[in-house]
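Subject: Structure handover

Hello,

I am passing the structure on to you, with notes on what was found in it. Please have it open while you read.

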Amino acid sequence: MRIILLGAAAGGGLPQWNCGCVNCNAARAGRIPSMSQSSVAVSADGENWAVLNASPDIRYQLAATPALHPVGPRQMPLRSVLLTNGDIDHVAGLLTLRESQPFALYATAAIHEALADNPMLAAVRSDLVPRHVVALDQTIQLAPGLSATLFAVPGKVPLYQEGEVVETGLVGETTVGVELSANGRRALYIPGCADMPDWLKDRISGADALLFDGTLWDDDEMIRMGLGQKTGRRMGHMPVRETLDVLADIDVERRVLVHMNNSNPLTDPESAEAELAGARGWHVGRDGMEIEL
């Protein structure tokens, strides 16, 4: 299995266009690497690819990834796109992929419903891009030799669907993880997760690779930095500081943090937090990072 991180940042990327925090200014100045928004490409044979989450930066990401370049006038190695939730930073890139290019679109019924409620997404033609509804714990083929199973993880509905009361620990079709299998290898992609119950730890155990929610280092970091009024848990993300402890003894060959917010000190490779994560066995995801299993 071959995995390419197309984008390692959370919504807004790094630098975020309207943010003058330390990390964003450092990225603008070239002192730390910039990051585009969350998306991953996966293949079992290096020729046929699936993309997990269509980030708003997908056009740039595809251009920067030779494995996903066209192989003919209108021939692409892209076979499918799979969505793990309906968040804008995971679905807005579908509008870029509207250019009369066939591929299959997979998501749960709840995520497809959110897409159907947006008339603009009708530009992604259903005759070229069939929308396949995937049930939880149903195994599907994303590309030749590459299978995927969606499973519920604790989370919440997208921001644009929130009401007055928001439940951040929903376990259902709105926020899912993906279990990928190819050539005897198993990887899990969970870019959004609000909690780590024992049953989820059991599912992760024994995987060859885990790509996991690294949105915020501390639950209250955005509030402390004056960047917002929400905690990480309120946004549906458990803090990395806690993840390191909760998954310390889990049996996973390779651990990678993805979907990092611009406020997260992990975005600075020289930070104490990045050093600590590395010492605890975690890799900090970067745009273009490749994982071969």
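The notes below go from the whole chain to a run of strands, then to one helix and one loop residue.

Please keep in mind that this is a predicted model.

Whole chain

The chain contains eight helices and 14 strands. Its radius of gyration is 18 Å, close to the 19 Å that the globule rule gives for 293 residues, so the chain is as compact as a globular protein of that length. The C-alpha trace spans about 50 × 40 × 40 Å along its principal axes. Of the 293 residues, 54% count as buried. The accessible surface comes to about 12,300 Å², and carbon and sulfur atoms account for 50% of that area. Taking contacts between residues at least 6 apart in sequence, 68% of them join residues at least 24 apart.

Strands 2 to 5

Strand 2 (residues 39-43) and strand 3 run antiparallel and are joined by four bridges. One pairing to look at is S43, whose bridge partner in strand 3 is W49. The two strands form a hairpin with five residues between them. In that turn, G46 has a positive phi of about 80 degrees.

Strand 3 covers residues 49-52. Which way do its side chains point? W49 and V51 point one way, A50 and L52 point the other way, and all of them are buried. In a regular strand the side chains alternate between the two faces of the sheet.

Strand 3 also pairs with strand 4 (residues 78-82), this time in the parallel sense and over four bridges. Across this pairing, W49 stands opposite L78, and A50 stands opposite S80. To get from strand 3 to strand 4 the chain passes through helix 2 (residues 58-63), and this β-α-β crossover is right-handed.

Strand 4 has four of its five residues buried, so it is largely enclosed by the rest of the structure. Strand 4 runs parallel to strand 5, with three bridges joining them. S80 in strand 4 appears here again: its bridge partner in strand 5 is A104.

Helix 4

Helix 4 covers residues 109-116, and its buried residues are I111, H112, A114 and L115. Viewed down the helix axis, these buried residues fall within an arc of 155 degrees, so they line one face of helix 4. What do they pack against? The buried residues of helix 4 pack against helix 3 (88-91), strand 5 (104-107) and strand 6 (131-133). On the face turned away from the buried side, helix 4 carries the exposed residues E113 and A116.

T65

T65 lies in the loop between helix 2 and strand 4. Is T65 buried or exposed? Buried means under 20% relative accessible area. T65 has a relative accessibility of 8%, so T65 counts as buried. Leaving out residues up to four places away in sequence, T65 touches I4 and L6.

To find your way around, you could begin at W49, which has S43 as its bridge partner and stands opposite L78 in strand 4. From strand 4, the parallel pairing leads on to strand 5, and strand 5 is one of the elements that the buried residues of helix 4 pack against.

Regards

Key: Residues numbered from 1 in each chain as written. Predicted model: local features only at pLDDT ≥ 70, side-chain atom pairs only at ≥ 80, totals over all residues. Heavy atoms only, no water. Buried < 20%, exposed > 50% of the residue type's maximum accessible area, 1.4 Å probe, protein only. Arc of directions from axis to C-beta. Contact = heavy atoms within 4.5 Å. Pairing = 2+ DSSP bridges. Right-handed = clockwise from strand over helix to strand, strands pointing away. Rg over C-alpha atoms; globule rule 2.2 N^0.38 Å. Areas by Shrake-Rupley, 256 points an atom, 1.4 Å probe, with all protein chains shown as cover.
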